[in-house]
Structure formats: C-alpha cells, structure tokens
Amino acid sequence: MTLEIESKEATHDTDGLPVEELVVNIGPSHPSTHGVGRVVVHLDGEVMTHVEPIVGYLHRGIEKMSENRTYLQVVPLTDRLDYVGSMYANWAYCRAVERLAGISVPERAEYLRVIVCELQRIASHMMALGSAAGDTGAATMFIYTFDERERIIEAFEELCGSRLTYNYVRPGGVSFDVPEGWLDNVLAFCAAHRDKLTEMDKLFFGNVIAKGRLKGIGVLSAEDAVAWGASGPVARGSGVNWDLRKHDTYSVYPRFDFDVPTGSNGDAYDRGRVRLFECYESCRIIEQAISQMTEGPVKTPLPRLLRPAPGEAYSHIESARGSLGVYVVSDGTPRPYRMHVRSPAFCNLALLKILAPGHMLADLVAVMGSLDPVFGEVDR
Amino acid sequence: MSSFAMGAFWGLAAGLLIAIAALIGVWMERKVAGRIHMRIGPLEAGPFGLLQTLADTVKLVLKEDITPAAADVRPFRLAPFVVFVPIASSLAVIPYAVGWAPFDISAGVLFFMAVPSLSVIGILAAGWASRNTFATIGGIRGAAQMVSYELPRTLSVLAACMLAGSISMTGVLDAWRPWWLIVLAPAFIVYFIASIAEVNRGPFDLPEAEAELVAGYFADYSGIRWAIFMMAEYGGVVAASLFGAVVFFGRGLGLGGVPGALLFVFFAFALTTAMMWVKWTFPRVRPDQLMTLAWKVLTPIALVELLVVGVIASWML
C-alpha cells in the first residue's frame, strides 16, 4: 500500500487557472487527534476528498517486551495499552493466562472484576463523550463528563492506589479486596450518575447545533461495520447487535439482567448516544453485582513463576471500545513465547478512511471523536 | 485644542477603554465560564482573581514575538493592528452620555457598521501571511463569515434607523421610544446573532475553530501580537454590546442622567454576559450551516422586519 501524501497533479478550472488540492496534515500533535494520531487530509475547498489515518507514533513495542518478562510482569504492561481503560487489558490478558495455565478464579474476584470493568466503561465513555463534544466546541459538556470520570478515578485510587494504570486484575483474581465502605460509595455514585447522564443527554444530544453537527455525519452501514471488523459502540451505533458480554458471555455476566443499546442510523450522533445509554446499563450491572456478591477470597494462590504447559490461548472481552482480544502462546518457559493484542480501537480507527471523505473538514473531528480511538491501544 | 491633539486624545481614550474592557472582559469570561462549568474560575491573583488578566498580559508582553521563517513578514506583523484599529475606532461614535459622543458625526450608525468591517482585511492577511494551511483556511473562513453576516446585521440596524429617521447615533437615541422594544424585537435577535458571528465568537468561532484549525488565522502568532488579536475580539464584543444597548434599548429606556447611565452599563453588560453564556453552552456550527443561517434565515427575517417597520414608520410618523 502506498501513502498518497503529496498530490501535485494540477487540474485547471474553467478559466484555465491551475487548481490544486490543499493537503492538510493534522497531527500527530494537534488538539483533536486524541493523543498522537495523524491524519493527512486532501481538501477541495472545505470538503475532504481523501483521508488517510497514519498510526505508529505511540508504538512502544509492548507485544515484544512481553516476551522478555514473566507472566505476572506483563500485567503492568497491559495497563499501558488502553490508558483510559486499563482494567480491560488487565482482564483480557489475565483471562488468556488463566486459560493457558488452567487457573480457577474465586467468585468474589469475578464480581469485583465485573464491577471495576463496568466502572471503567463509564469512565471511558465519559472521556469519549467529553472529548467528542469538546471537538465540536461544547466545552461545558467536556467539563461535566470529566467531573463524572474523576469520581470513578478517585474510587479506583482508593481501591488500588493508581489513577490510570491499575494493575488490579491479576492472574487468579484481583490484587486487593475492596476497602471498607467502598461498595456503598460505588452504589451512591451509580444513583447520582443516572441524573447526570440525563442532564448530559439534554445538554449536548438535545442541543440543536449538536444535532446538526452529528446527525448524518460519518454514516456507517451495518454491512461495512461487520466487513471492517468494527466492534463496540461503533458497530452497535450502526445497529449491529454484538456485545461479547451477551453473545460470547464470560465471567458472571450471564447472571445479570441488562440490555445492549443499539443505534439505527450509524452516524456520529448514534455512536455517541449508544455510549451514553451504555452507561445506564453499566450502572444496572454494578448494582446487581453488588447485591449478588458474597464474602470470600479474591485471589487463587499461585507460584511466583508461572510455567504453563506449551500451548496457546485466546481470550476476548467487551471493552469500552469493542472486542479486545489477547492471544498468548507458551513454550513451557516462565515467559510468554508470544503475546498479541487484537485492538478494537485500531479496527475502528481504520473506518475513518471510508467515513470522513465527502464531509467537511470540521466533520473530521466529529467523526474521529465518535470512533473514540486511544492511540496507546492502536499502536501498542 | 487643535484637531490633531483632539484626535490623539480620543484615540488614546478609546485604546484605554478597550484595554480596560478587555481586562475586565477576559476576567468576566473566565468567571462566567467557570460558573457554567461548575468551577470557580480564577481566584488567586488579587481579590476574586481580578488581577489574573493583568498577570496574563504581563506574561504575554514578556513572551518572545515570533515571526515564522516561512511567513510573509510585513503583512504578518501588520495584521494584528489592521484587525484592532477599526474595532477601536468604532467605539468613538458610541454616545456615552445623553446627547454626547466623542465623535458625534451625522452618519454614526453607518460609521459603526462600516469601519469595523475593515478588520476582515487583517484577518485575511494574518491567515495568508502565516503560510500555514490551518491559518489560511481560518483566514478564508473569517473573510466569508464576516462579509456574510455584515448584511443581516446592517439590515437589522436599518430598521431602528427607519423608525428614528436618522443615521446619527445621538439622533437614534433622541428618537427612541419604549414601544420600539416590541417592534424591534426580531431585529434585535438578528443583530445579536449576527454580532456574535461578526466578532468571531462561539458558536460561530469557525475562523479560530480550535478543534480542527488549532487557532485558525492566529495559529502562528505569539506574545503581544496574539494579545492584540484577543483584545480586538473583546473590543468587538464590548462595541457590539454598547451599540446594541444604545440602538435597541435606547440607553437605559430613555432615562437621562445617572440612572440612565447605570441602565446603559447594565444593558451592555447583560448583552456581553449573554454572548459568553451562548459561547460556553453551545457547540460550534459547521461552515455550511453558518452560511445557511446567514443567508437563508437571518437575512430574510431582517428583510421582513424592515418591511414591517417601514409600514409602521409610514403609518406612525
């Protein structure tokens, strides 16, 4: 594949004057690329004719680094994949290792994993909604969503001492049981969060300008969503009812009663609103999990050096961005022979190339915000 | 006093007024935005953070004034002043007291409508001379936007001039009657929206759209030149608010003396606050939506309003 970054083919207009496409390089250092994304855009006036997302600016070689560390030492590396949803990568990796080594997980640990991951989903969706709104100029929505995210991050800090890179889910369980009163705080948060979500829905998605900016922008058909490997809210916004929590269920998710919100138009507006509605469902799951939870151990005792039998294992979970898969191969030594991450953000970002052309430059950030890429996970 | 000295005096006074207005305006904006965001806003520098803008200004003045190597140097360095001077000049025709304006010409309204429009040349020059794609797009957006919104804005003010039978600022003020409030309500709404677009503020801040154009036409400016662009923006807000308070609210509902002056200040501040409120609540519109609003919504409303006011004026007067 060649990158057509420079286009010097001059055409001529009706008066015989040379006309050139304007090539705008957006990123890797730009306010709306959500990190270090880079997009090369060809403009005809304000309309984009060609959009090329370029990745690789945050490549840290996490997959290769994993091959030189013991199974437990890889867990902190997975924190750095999706740094606004660290719990998911922790869990996806630990599930793969548990499958590989045949480790069982105590029930209380499974419930705690569900609770922290649903909280993480809310935190991640708040970030996605806030920055997508901020990209369209709604600064207030940005502050409101980050206020909610801050509550969850504070709860995580109380739980495991970190605000972003938690290293909480470990092979065989979780690192700590919850502190005294923590679950009550989470319940209180969920109760208050619903009102905030309703307020945000009115403030941003009910706004006439936001509707005008997001409706009909970056329309993704259900067929394309499946063909391009989209998952998570991006696929569900196009009406693809695909959620691993329901359709390839894992952990204790079958015990909960929750719905999978889907959109109908597949535009940026629907993708954003699917995220908003998922937060309500996450609150429902957390409340059910807390009421069903029983006392018990949170960790299976494991040897310091795990030496799984030679073999391979794949595990995927529903992260805030979609199907996050981790593939681990063991050759019988204490270190993984290969660790690979199937990143939903990477697959979703690729859609920018088909969703953005034909729209105006101002829509690029709206489309990109609705795809919610996190470059730690895209580049790995 | 010679006319030159008078001119210098009033020029200095207008510059000072804008500087003070910008200082208070930036502080107020940050406080208003803070309250809307459930934050406190600046608090540390001085009482209630009042000196925050002063501290920022000192920082900006001390910063290096960078001219990019690729820039077209002369237009690049001149552009901030071309934007600022017309907006500062427009403040000269505002009647600050009953029957008195610093520069009371018989075509004050025309002056106010026409002169600030010259700043579009500065915006275009800044965008073009930066030799930066973001700045170029921002400059072109700015030119298209300001020229488009000129029309509904002027038409809406024209309705008031028709009722007054005068295009002098003091003439409009003298002729103002409370029933104008009802008749001119649509014209005022058009004026308010068009003014926000005219001074490039949110939700119509497309030329400097942070999300896609970083800072638009002044993306490459730094230090004092950047500060002059910001002062021009706040000067524009203040000028639009003062002018709106005079033409549509008759300088405090026609009261003279101190109560009238206080009401005048109150209305001007209310308009400024409303502009900030709109900016921090609404997302930004898209260029095509902006043009649609100007040509398909505001201009027809202003034209119909002009027709209605014309009928009323011929029947009343």
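**View 1. Helix H5 of chain B, a mostly covered helix.** Let us start with the residues of H5(B) that are buried: B:Ser119, B:Val120, B:Gly122, B:Ile123, B:Leu124, B:Ala125, B:Ala126, B:Gly127, B:Trp128 and B:Ala129. This view, like the others, shows a predicted model. Helix H5 of chain B runs over residues 119–129, and 10 of its 11 residues are buried. Look just after H5(B) for B:Arg131, which takes a positive phi of about 55°.

**View 2. Helix H3 of chain A, residues 86–101.** How many of the 16 residues of H3(A) are buried? The count is 15, so H3(A) is largely enclosed by the rest of the structure. You can also check the length of H3(A): at 1.5 Å a residue, its 16 residues should span 22 Å, and the end C-alpha atoms are 23 Å apart, which agrees. After H3(A) comes A:Gly102, with a positive phi near 65°.

**View 3. Helices H4 and H11 of chain A, packed together.** H4 covers residues 107–135 and H11 covers residues 268–292; their axes lie 9 Å apart, at an angle of about 160°. The two helices are therefore roughly antiparallel to each other. Their crossing is left-handed. Among the residues that meet, H4(A) offers A:Tyr111, A:Ile115, A:Leu119 and A:His125, while H11(A) offers A:Leu276, A:Cys279, A:Ile286 and A:Ala289. Sorted by kind, the residues of this contact are 14 nonpolar, four polar and four charged.

**View 4. Helices H6 and H11 of chain A, another packed pair.** Here H11(A) packs with H6(A), residues 182–205, at an angle of about 160° and with the axes 10 Å apart. That makes H6(A) roughly antiparallel to H11(A). H6(A) passes H11(A) in a left-handed crossing. On the H6(A) side, the contact includes A:Leu183, A:Val186, A:Cys190 and A:Phe205; on the H11(A) side, A:Arg273, A:Tyr280, A:Cys283 and A:Glu287 are among the partners. The residues of this contact divide into 13 nonpolar, two polar and four charged.

**View 5. Where chain A and chain B touch.** Chain A gives 26 residues to this contact, and chain B gives 22 residues. Which helices of chain B each supply at least two residues of the side that touches chain A? They are H6 (133–164), H10 (210–213), H12 (257–281) and H13 (287–316). That side of chain B is made up of 12 nonpolar, five polar and five charged residues.

**View 6. B:Phe267, a residue of helix H12 of chain B.** Is B:Phe267 buried or exposed? With 21 other C-beta atoms within 10 Å, B:Phe267 is buried, because 20 or more count as buried. Look for B:Gly250 as well: B:Gly250 and B:Phe267 are 17 residues apart along the chain, and their C-alpha atoms are separated by 9.9 Å.

**View 7. Two loop residues with positive phi, A:Ser251 and B:Asn200.** A:Ser251 sits in the loop between H10 (244–247) and H11 of chain A. Its phi is near 55°, a positive value in a residue other than glycine. A:Ser251 is partly exposed, with 18 other C-beta atoms within 10 Å. In chain B, B:Asn200 is found in the loop between H9 (185–198) and H10. B:Asn200 is not a glycine either, yet has a positive phi of about 55°. With 26 other C-beta atoms within 10 Å, B:Asn200 is buried.

Definitions and conventions: Residues numbered from 1 in each chain as written. Chains lettered and ligands numbered in written order. Predicted model: local features only at pLDDT ≥ 70, side-chain atom pairs only at ≥ 80, totals over all residues. Axes fitted to C-alpha atoms, helices over the stretch in contact; angles between N-to-C directions. Helix = DSSP H or I, 4+ residues; strand = E, 2+ residues; numbered from the N terminus. Parallel < 35°, antiparallel > 145°, perpendicular 65-115°, else oblique. Left-handed = near helix turned anticlockwise from the far one by under 90°. Contact = placed C-beta atoms within 7 Å. Nonpolar A, V, L, I, M, F, W, Y, C, P; charged D, E, K, R; others polar. Buried ≥ 20, exposed ≤ 12 C-beta atoms within 10 Å, placed from the backbone. Expected span 1.5 Å × (residues − 1).
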